[in-house]
Amino acid sequence: MLSGRARIAGIIGWPVAHSLSPRLHGFWLRHYGIDGAYIPLPVAPQDLEAVVKALPKLGFAGANVTIPHKETVIAYLDHVAPLAQKVGAVNTLIVGPDGQISGLSTDGFGFLASLAASQPGWLASAGVAVVIGGGGAARAIVQALIEAGAPEIRLVNRTAARARALAEHLGGPITLIDWRDRAGALEGVSLLVNATSLGMRGEPPLNLALDALPREAVVADIVYVPLLTELLASAAARGNRVVDGLGMLLHQARPAFAAWFGTEPEVTAELKLSVLQAAQG
Ligand SMILES: NC(=O)c1ccc[n+]([C@@H]2O[C@H](COP(=O)([O-])OP(=O)(O)OC[C@H]3O[C@@H](n4cnc5c(N)ncnc54)[C@H](OP(=O)(O)O)[C@@H]3O)[C@@H](O)[C@H]2O)c1
């Protein structure tokens, strides 16, 4: 039951009906008994500026921002955190007590927090990482790995120019690898990440021979429908430790929930199951 003092947040996207965030934040709101709500906000591109500027006037605590607004929203914010500036995208808005809107990017945090939760003791600084992909998710993950001290990041993307632009923009120890040479790039690495949409339900699988991948390497997929992608199944079958994409989705939401609703939420098996059921529905 909401009171007149309820804290309100939501997710701005176009379309937004597929988003799992209402389920995720709704679970936490119920679990912690918080007087608050989190709602889907379908906002067309031409309405984005007006909606963002209205958030403080409507008393919103903040909002998530998803496709196609993650980059364009930056122009309408009062503050953009340095990491979000670097990544060039924002997924979380926080309305301050003064009505000013700050933008953050929490995808990279979510990725690393999910790895840390699933593989205690794993350190980004301990070895070479291979990241497959060159889109927004890859950008956030590569930046997070750079900041966590990865000594080398081998970046492979189908469209080489996109990977090159990403590497030039972020700087850091990135080695560009041609798409056709991706299987060879796995030699000696300690982390392999699929940051493409390949392997998602309705998409072709990521076609990648794992023979050169050390058995000690961790394999992470950011796709979470299905939870066990073909990549993760093949990696697990040969003895590699695997991390699914749902953990990243759940962990990236933690800083936003804490800022809006004043409670540090926990990622639990019960939460994972609830969101997974919605994802598969
Ligand atoms: N788990 C999470 O929390 C989380 C967070 C963010 C995103 N995601 C998921 O991550 C995926 C990527 O998101 P994004 O925002 O980075 O999307 P994006 O900016 O559209 O990038 C898509 C990436 O997939 C590659 N790709 C797509 N089809 C391909 C194909 N047939 N062959 C080779 N490469 C292909 C693209 O390569 P080109 O550059 O060559 O087109 C690009 O690297 C999506 O499935 C998204 O749902 C998950």
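**Ligand surroundings and annotated regions**

An oxygen atom of the ligand has a backbone N or O atom of Ser-197 at a distance of 3.4 Å. The model in which this contact is found is predicted. Another backbone N or O atom, belonging to Gly-136, is placed 3.1 Å from an oxygen atom of the ligand. A side chain also takes part: an N or O atom in the side chain of Arg-158 lies 2.8 Å from an oxygen atom of the ligand. The ligand taken alone exposes 920 Å², of which 77% is buried by the protein.

The ligand occupies the space of the largest pocket. Helix H5, spanning 136-147, and helix H8, spanning 246-252, are the elements that contribute two or more residues to the shell around the ligand. There are 20 residues around the ligand, and those that come nearest are Ala-137, Asn-157, Arg-158, Thr-159 and Arg-162. Arg-158 is thus named both among these nearest residues and as the source of the side-chain contact at 2.8 Å. By residue class, the shell around the ligand consists of 9 nonpolar, 9 polar and 2 charged residues.

Annotations taken from the UniProt record were then placed on the model. In this unreviewed entry, the annotation "binding site" is assigned to Ser-19, Leu-20, Ser-21, Thr-66, Asn-91, Asp-107, Tyr-224 and Gln-252. From this set, Ser-19, Leu-20, Ser-21, Thr-66, Asn-91, Asp-107, Tyr-224 and Gln-252 are found in the lining of the largest pocket, the space that the ligand takes. One of the annotated residues, Ser-21, belongs to helix H1, which comprises residues 21-31.

The same record, an unreviewed entry, gives residues 11-93 the annotation "domain: Shikimate dehydrogenase substrate binding N-terminal". In the model, helix makes up 29% of this span and strand 24%. A distance of 10 Å separates the end C-alpha atoms of residues 11-93.

Cis peptide bonds were also located. Ile-67 and Pro-68 are joined by a cis peptide bond with omega of about 5°. The position of Pro-68 is in the loop that runs between strand S3 (60-65) and strand S4 (79-80). A cis peptide bond likewise leads from Val-225 to Pro-226, where omega is near 5°. Pro-226 is in the loop between strand S11 (218-221) and helix H7 (230-237).

Conventions: Residues are numbered from 1 along each chain as its sequence is written. This is a predicted model: local features need pLDDT of at least 70, side-chain atom pairs count only at pLDDT 80 or more; totals for chains, interfaces and linings use all residues. Side-chain values use heavy atoms; hydrogens and water are left out. A residue is near a molecule or strand if one of its heavy atoms lies within 4 Å of it. A polar contact is a pair of N or O atoms within 3.5 Å; within protein, one must be able to donate a hydrogen and the other to accept it, and residues adjacent in sequence count only if both atoms are side-chain atoms. Accessible areas come from the Shrake-Rupley method with a 1.4 Å probe; for residues, only the protein chains shown count as cover. On a 1 Å grid over the protein atoms alone, a cavity is a set of points where a 1.4 Å probe fits but cannot get out, and a pocket is an open set with protein on both sides within 12 Å along at least five of seven lines; lining residues have an atom within 4 Å of a point. A molecule sits in a cavity or pocket if more than half of its atoms lie within 2 Å of its grid points. Helices (H or I, at least four residues) and strands (E, at least two) are DSSP runs, numbered from the N terminus. Ala, Val, Leu, Ile, Met, Phe, Trp, Tyr, Cys and Pro count as nonpolar, Asp, Glu, Lys and Arg as charged, and the others, Gly among them, as polar. UniProt positions are given in the numbering used here, feature names are shortened, and annotations may be inferred rather than shown by experiment.
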